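Let's take a walk through this structure together, one residue at a time. Keep the 3D view open and turn it as you read.

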Amino acid sequence: MTLALIIAAETFFASVLTAVLYWMDKRAARGNARRIPEKTLLLASVLGGWPGGYLAGQKLRHKTSKVSYRIQFAIAAVVHVFVVAAVLWWGLR
């Protein structure tokens, strides 16, 4: 299995997990139940789940109007992209 394929699979599964976390948090917010901490959502995003977090956020209209969260989310996505690029750069040399 190639390094790029491993990273793609990890990103896919992390995205699915992050989307589920967004759904659970949105459901908890509507039901006035215990919420998933933003730090957990951001950690899942920086670990590769940002595509799923972005799509779930847009589809569920969750965390889309909180500017401070969106900035942190964007930073998490950029960090993940840079780390993946660095791993691929040094791993494929």
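Start at Ala76 and look at its surroundings: leaving out residues up to four places away in sequence, Ala76 touches Leu42, Ser45 and Val46. Keep in mind that you are looking at a predicted model. Ala76 itself lies in helix α3. Is Ala76 buried or exposed? Its relative accessibility is 8%, and because buried means under 20%, Ala76 counts as buried. For a sense of distance, pick out Ala29 as well: Ala76 and Ala29 are 47 residues apart in sequence, and their C-alpha atoms are 23 Å apart in space.

Now zoom out to the helix as a whole. Helix α3 has 25 residues and covers residues 67-91. From its first C-alpha to its last it reaches 36 Å, close to the 36 Å expected at 1.5 Å a residue. Which residues of α3 are buried? They are Tyr69, Arg70, Phe73, Ala76, Ala77, His80 and Val84. What covers these buried residues includes α1, residues 3-31, and α2, residues 38-60.

One of the buried residues in that helix, Arg70, deserves a closer look. Arg70 is buried yet has no salt bridge. How far away is the nearest side chain of opposite charge? That side chain belongs to Glu38, and it is 9.4 Å from Arg70. A salt bridge needs the charged atoms to be within 4 Å. Arg70 does have a polar partner, though: a polar atom of its side chain lies 3.2 Å from the backbone oxygen of Lys63. Setting aside neighbours within four places in sequence, Arg70 is in contact with Tyr22, Tyr54, Gln58, His62, Lys63 and Thr64.

That brings us to Lys63. Find Lys63 in the loop between α2 and α3. Lys63 has a relative accessible area of 13%, so this loop residue is buried too. Which side chain does the side chain of Lys63 meet in a polar contact? The partner is Glu38, at 2.9 Å. So Glu38 appears twice in our walk: as the nearest opposite charge to Arg70, and as a polar partner of Lys63.

Lys63 has further neighbours to explore. Not counting residues up to four places away in sequence, Lys63 touches Tyr22, Asp25, Arg35, Glu38, Leu41, Tyr69 and Arg70. Finally, try locating Arg30: it is 33 residues from Lys63 along the chain, and their C-alpha atoms are separated by 13 Å.

Definitions and conventions. Residues are numbered from 1 along each chain as its sequence is written. This is a predicted model: local features need pLDDT of at least 70, side-chain atom pairs count only at pLDDT 80 or more; totals for chains, interfaces and linings use all residues. Side-chain values use heavy atoms; hydrogens and water are left out. Helices (H or I, at least four residues) and strands (E, at least two) are DSSP runs, numbered from the N terminus. Buried means under 20% relative accessible area, exposed over 50%, partly exposed in between (1.4 Å probe, protein chains only). Lys and Arg count as positive and Asp and Glu as negative; His and the chain ends are not counted. A polar contact is a pair of N or O atoms within 3.5 Å; within protein, one must be able to donate a hydrogen and the other to accept it, and residues adjacent in sequence count only if both atoms are side-chain atoms. Contact means heavy atoms within 4.5 Å. The expected span of a helix is 1.5 Å times one less than its number of residues.
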